[in-house]
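Work through the exercises below with the sequence and coordinates at hand. Each task is followed by a stepwise solution.

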Amino acid sequence: MKKRWKRLLSSRAGGWIAAALILLLVAANVGLAWLTTTRAFYPDMTPEGLYSVSDEMYRVCESIGTPVTITFCDEPDRLLGAVETRYVYILAQHLAARFDNIRVETADATRNPTALYRFRTTAASSIAPTDVIISCEGRYRIMAARSFFTVSSEDGQTRYWSFDGEYKLANALLSVSAVDTPLVCFSVGHGETFFVSPDDADNAALRAESDEGMRAFYQLLSDEGLTVGYIDPETEPIPDECVLLIICDPAEDFEAPDPRRLADGCALDRIHTYLSQRTGALMVFKSPDLTLPNLEELVSQWGIEYARGVVAEDTGSSLSDPQALIAVYNTEQTELSHSVYADVSDIAGPPRTVTPHSGTVAMSWKSHEAAVSSTTNVTAYSSPFFYTSERAMLRNVDDGTLASASPARYATAQLATRVRMDGSTGLQTYSYVFASASVEWVRGEWLEQTALGNRDVLFALVRYISRTDRFAPLSLGGSSLASSRMGGRVLDYGDLSATAWTYRAEDGSKTVYRGLTASARTAWTVALITAGPAICLAAGGAVQARRRRR
């Protein structure tokens, strides 16, 4: 037997065997690379289990019945080596490998930005290479890769405390795949302005009141994936699926609440309940020519007061309407309104938004923030949405005479929100009220002018306040958000690799990435260094022992 093997190895067959072994080794290397890039084969060597997927995450994904796409905005090699995308990308690959209805795709936001244009919020917005987009049937969420972590930054260091990837990604997957279609309702019954589609057989009775000038507003809502409906809140309850109620240019005031009646007895009671006890949003567009005390009282509870008068100013532009004010955006980055249209207002040379025939609004609170007295878990915020320039003058509605002694800056629209926090889970829910003292700026005459920013701003506002989210169990990926676990997988040392910890020198010239935690790096280094010699030593000992027995 030994002589046969000796002859075999000394013959030409030995060369073929060596070549075959080399080819086998190359094939194994290629196969392993294929598994790691297309089949989510990533052995988890981290003590926190950051490359592993929990059974709870798989159970959440099993409840998703519609096709969902997770789009990463860079090439795979850069995603795996980037600071904040590696773990999220690998997590998505695991899910795609297990579920046929979850697909992962990549697009290069730098070299081919047009491939991602369908996800832009406005014409002025952009998508970063580190963004992650979760989409389903026209609905999508854009999340920055950093949002999957609990992060702090001090003295030039960015420290990552926990990875919340499973919980954050599950929330996005559930939100975009929700089977119910969000509904936006126009209020009717008070002389409001609205548009009814000729194809809407269910609301054919309202077609006689349809205003063609509101078609562009109607189309904008449809483009956002919202179903448009109509209700008279005086006689109908606000539907549970309604995410946005619009009161546009009412000609008559709403009925005043009667304290002798049960709650929800009139329209304003129903609207108040809708905003205070549910996650709702209200948009009010009121003409400065009318005073509607009851409706204005409802809005004032959100820190917004309508003032009497029409604003006029010398715009110095070619606009035909002298009352067509060019809105000044709120540039305070800490305020709510700025966060809505920052993609429009923060670019060089932002498009102008025109607000024709506008009145003014004012803040009824002493500051932008107010604690709601009924509970310590509810806080309200309010901020101006549009300003005039400092050259504006206020004129009386009746005769057009000046009502202000000197030019000043006025607010013409305001946005307010109430934030409710669940004391046990830490989850926050939001309600919004937007009040505009101009109706004309949302009509087709101005929305359809592509050179203006009216459509972009209105689109961003509708998207911001009408968005609905679903939430995964808080146990996903960690313990309660209110606990020391911070809702994710807490990093043992806070110095994980490219996606966990980055040190930046004060001058920004140097970045150091660490591949594993200190403990894991030491353990694997020792294991790899000692594995080869240990195997050789064991094999040598076994051979020596066998020879001695002979």
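**Exercise 1: A serine in a loop**

Leaving aside residues up to four places away in sequence, Ser-404 touches Met-393, Leu-394 and Tyr-410. The model is a predicted one.

Task: Locate Ser-404 relative to the strands, and decide whether Ser-404 is buried or exposed.

Solution.
1. Ser-404 belongs to the loop that runs between strand 19 (393–395) and strand 20 (411–421).
2. The relative accessibility of Ser-404 is 13%. Buried means under 20%, so Ser-404 counts as buried.
3. From Ser-404 to Leu-394 the sequence separation is ten residues, and the C-alpha to C-alpha distance is 5.4 Å.

**Exercise 2: An aromatic pair**

Task: Classify the ring pair of Phe-385 and Phe-434, and state which strands hold the two residues.

Solution.
1. A pair of aromatic rings is described by the distance of the centres and the angle of the planes.
2. Rings pair if their centres lie within 6.5 Å, and planes over 60 degrees apart count as edge-to-face. By this rule the structure has 18 aromatic pairs.
3. For Phe-385 and Phe-434 the centres are 5.0 Å apart and the planes are at 80°, so this pair is edge-to-face.
4. Phe-385 is in strand 18 (residues 378–387) and Phe-434 is in strand 21 (residues 428–436), so the pair ties together parts 49 residues apart in sequence.
5. Phe-385 and Phe-434 are both buried.
6. Ring pairs also join these two residues into a cluster whose members include Phe-186, Tyr-230, Tyr-341, Phe-386 and Trp-441.

**Exercise 3: Surroundings of strand 18 and helix 10**

Task: Determine how many residues of strand 18 are buried, and how many of helix 10.

Solution.
1. In strand 18, nine of the ten residues are buried, so the strand is largely enclosed by the rest of the structure.
2. Strand 18 pairs with strand 14 (residues 328–329) in the antiparallel sense, over two bridges. Within strand 18, Tyr-387 is the bridge partner of Val-328.
3. Helix 10 (residues 336–345) has eight buried residues out of ten, so this helix too is largely enclosed by the rest of the structure.
4. Among the buried residues of helix 10 are Leu-336, His-338, Tyr-341 and Val-344. Tyr-341 is also a member of the aromatic cluster.

**Exercise 4: Cysteines**

Task: Find how many disulfides the structure has, and explain why Cys-185 does not bond to Cys-242.

Solution.
1. A disulfide is a covalent bond between the sulfur atoms of two cysteines. The cut-off is a sulfur pair within 2.5 Å.
2. Cys-242 holds the cysteine sulfur closest to that of Cys-185, at 3.9 Å, which is too far for a bond.
3. Across the whole structure the search returns zero disulfides.
4. Cys-185 is buried, with 1% relative accessible area; Cys-73 is buried as well, at 0%.

**Exercise 5: Charges over rings**

Task: Identify which rings have Arg-98 and Lys-286 over them.

Solution.
1. Arg-98 lies over the face of Tyr-58, 3.8 Å from the ring centre.
2. Lys-286 has its charged end over the ring of Tyr-306, at 4.9 Å from the centre.

**Exercise 6: The chain overall**

Task: Give the helix and strand counts and the buried share of the protein chain.

Solution.
1. There are 13 helices and 24 strands in the protein chain.
2. Of its 550 residues, 47% are buried.
3. The protein chain exposes about 27,600 Å², with 53% of this supplied by carbon and sulfur atoms.

Key. Residues numbered from 1 in each chain as written. Predicted model: local features only at pLDDT ≥ 70, side-chain atom pairs only at ≥ 80, totals over all residues. Heavy atoms only, no water. Phe/Tyr/Trp six-rings, centres within 6.5 Å; stacked < 30°, edge-to-face > 60°. Helix = DSSP H or I, 4+ residues; strand = E, 2+ residues; numbered from the N terminus. Buried < 20%, exposed > 50% of the residue type's maximum accessible area, 1.4 Å probe, protein only. Lys NZ or Arg CZ within 6 Å of the ring centre and 35° of its normal. Pairing = 2+ DSSP bridges. Areas by Shrake-Rupley, 256 points an atom, 1.4 Å probe, with all protein chains shown as cover. Contact = heavy atoms within 4.5 Å.
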